[in-house]
Amino acid sequence: MSYVIYFDESNKLDQPGIDYSYYGALGMDETVANNIRQYINNLNETLRSKSEMHFVEYTQDTNFEKYFKALHYVLSQPIQLNLMIVNKGDAEKLTTAMDIKMAELRELFYVKIPERLFYGLTRDLSTGQHIKIVIDENSEYEKIELEKKIIEQMNAHSAYRKKAYKVVDVEQASSEKDLLLQMIDNLMGIIVFVLEKQHKAFEENRDNITLDVKCDLIYRLLIEQNNLELLHKKVMLYCWEGNEEGISQIEFSQFTGNFIMSKTKYDVSEMAKLAQVRAMYPNETTKFYRVQMGYPRQLRKLLGYIDELDGKGRNSYYLEK
């Protein structure tokens with residue numbers, strides 16, 4: 001059975017208004033990929049859902065159950081996610097020193113960074129194992145013949161290092177049709193959200209529903225069973241320094257603690273308010289409580305609070321179904 005790697009990027013280097021660019025590679029045995037695909041297909045059928053899952057599109061919690069269960073299942077599987085962080089400021093300095101445009105530097109990174117991420121995933125593969133690489137569809141990859149270059153460089157590395165694995169296929173696929181590309185999109189979205197401390201923006205603007213529901217999804221995913229430990233174990237972060245030292249490794253656990261403490265403090269405050277409302281109006285509908293709490297698009301957040309106040313787990317309603 002083959003080993004399969006899914007590659008995606010977030011925040012292109014020449015995209016205005018960004019500080020960092022991210023490149024991710026999600027690796028697993030093909031049997032694991034098939035199991036994940038089957039689980040999500042069954043989940044979609046059960047929930048009668050046809051929508052794609054993309055973290056940027058998670059702006060209300062209507063599909064909380066779908067995102068939560070899919071990601072919870074993925075984390076339970078034997079997967080590995082390597083993510084490269086590129087500081088745009090350092091990249092701009094390099095373009096000046098090399099007298100090239102940012103688009104040209106991106107083209108160089110498209111080959112070198114994915115190659116480096118893939119090496120980390122293939123390091124411990126058994127001799128003679130075949131590898132397939134799936135890349136999120138992008139016309140820019142065709143222009144630079146990225147598929148061909150990755151095959152050549154990966155197989156050259158395998159031979160030189162006596163790894164004896166072989167990349168047999170690199171193909172582009174549409175995330176609309178590939179559930180695993182949707183999963184790496186969401187995992188990267190969660191990691192970037194935590195790394196960039198986007199929950200701080202919610203602390204400054206409590207009316208931002210998008211940030212609110214994203215915080216709620218991430219928090220409830222991380223507190224369930226041993227998901228936090230699994231995420232720390234399965235995610236490897238690398239930072240491109242833009243100097244002779246090249247790449248350094250950082251621990252994701254440095255960032256999750258701050259997020260969890262911030263979210264816990266907020267939840268305690270909100271649940272205290274909800275407890276007061278329920279004490280005054282004990283037999284009202286969830287719609288009534290949503291209005292009182294100011295939750296126009298946060299029904300699942302409210303239900304989680306109610307379950308916790310009633311002595312159940314925050315996610316008990318969805319895990320019992």
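Start by selecting Tyr-317: at 40% relative accessibility, this residue counts as partly exposed, where buried means under 20% relative accessible area, exposed over 50%, and partly exposed in between (1.4 Å probe, protein chains only). You are looking at a predicted model, in which local features need pLDDT of at least 70 and side-chain atom pairs count only at pLDDT 80 or more, while totals for chains, interfaces and linings use all residues. Numbering runs from 1 along each chain as its sequence is written, and side-chain values use heavy atoms, with hydrogens and water left out.

Now add Tyr-318, which is buried at 4%. Tyr-317 and Tyr-318 make an edge-to-face aromatic pair, 5.0 Å centre to centre with 85° between the planes. For rings of Phe, Tyr and Trp (its six-membered ring), a pair needs centres within 6.5 Å; planes under 30 degrees apart are stacked, over 60 edge-to-face, and the rest tilted. Bring in Phe-64 and Phe-68 too: ring pairs link them with Tyr-317 and Tyr-318 into a cluster.

Phe-64 and Phe-68 also take you to helix 2, as both are among its buried residues. Select residues 64-76 to see the helix whole. Helices (H or I, at least four residues) and strands (E, at least two) are DSSP runs, numbered from the N terminus. Eleven of the 13 residues of helix 2 are buried, so the rest of the structure largely encloses it. Charged residues are on that buried list as well, including Glu-65, Lys-66 and Lys-69. Try the distance tool on the end C-alpha atoms: they are 18 Å apart, which agrees with the 18 Å expected at 1.5 Å a residue (the expected span is 1.5 Å times one less than the number of residues).

Next, the sheet. Color the seven strands and follow the order 5-4-1-2-3-6-7; the sheet is open and the pairing mixed. Two strands pair if DSSP finds at least two bridges between them. Strand 5 (166-173) and strand 7 (247-250) are the edges; each has a single partner strand, so one side of each has no neighbour in the sheet. From one strand to the next, the twist averages 20°.

Zoom in on strand 6 (residues 235-240), which runs antiparallel to strand 7 and is joined to it by four bridges. Click Leu-237 and look across to its bridge partner, Ile-250.

Stay on strand 6 and pick Trp-240, buried at 13%. Its ring partner is Phe-109, with centres 5.0 Å apart and planes at 70°, so this pair is edge-to-face. Phe-109 sits in helix 4 (residues 102-122), so the pair ties together parts 131 residues apart in sequence. Phe-109 is buried too, at 8%. The structure holds 15 aromatic pairs.

Then move to Met-28, which, with Tyr-6 and Phe-259, has the most contacts inside the largest nonpolar core, a set of 68 residues. Such a core is made of buried Ala, Val, Leu, Ile, Met, Phe, Trp, Tyr and Cys residues joined through side-chain atoms within 4.5 Å. Helix 7 (residues 179-195) gives the most to this core, with 13 residues. A second, separate core has 33 residues, among them Phe-7 and Met-102.

Last stop: two lysines. Lys-162, in the loop between helix 6 (146-160) and strand 5, has a positive phi near 60° and is exposed at 77%. Lys-197, in the loop between helix 7 and helix 8 (199-204), has a positive phi of about 50° and is partly exposed at 38%.

Conventions: Axes fitted to C-alpha atoms, helices over the stretch in contact; angles between N-to-C directions.
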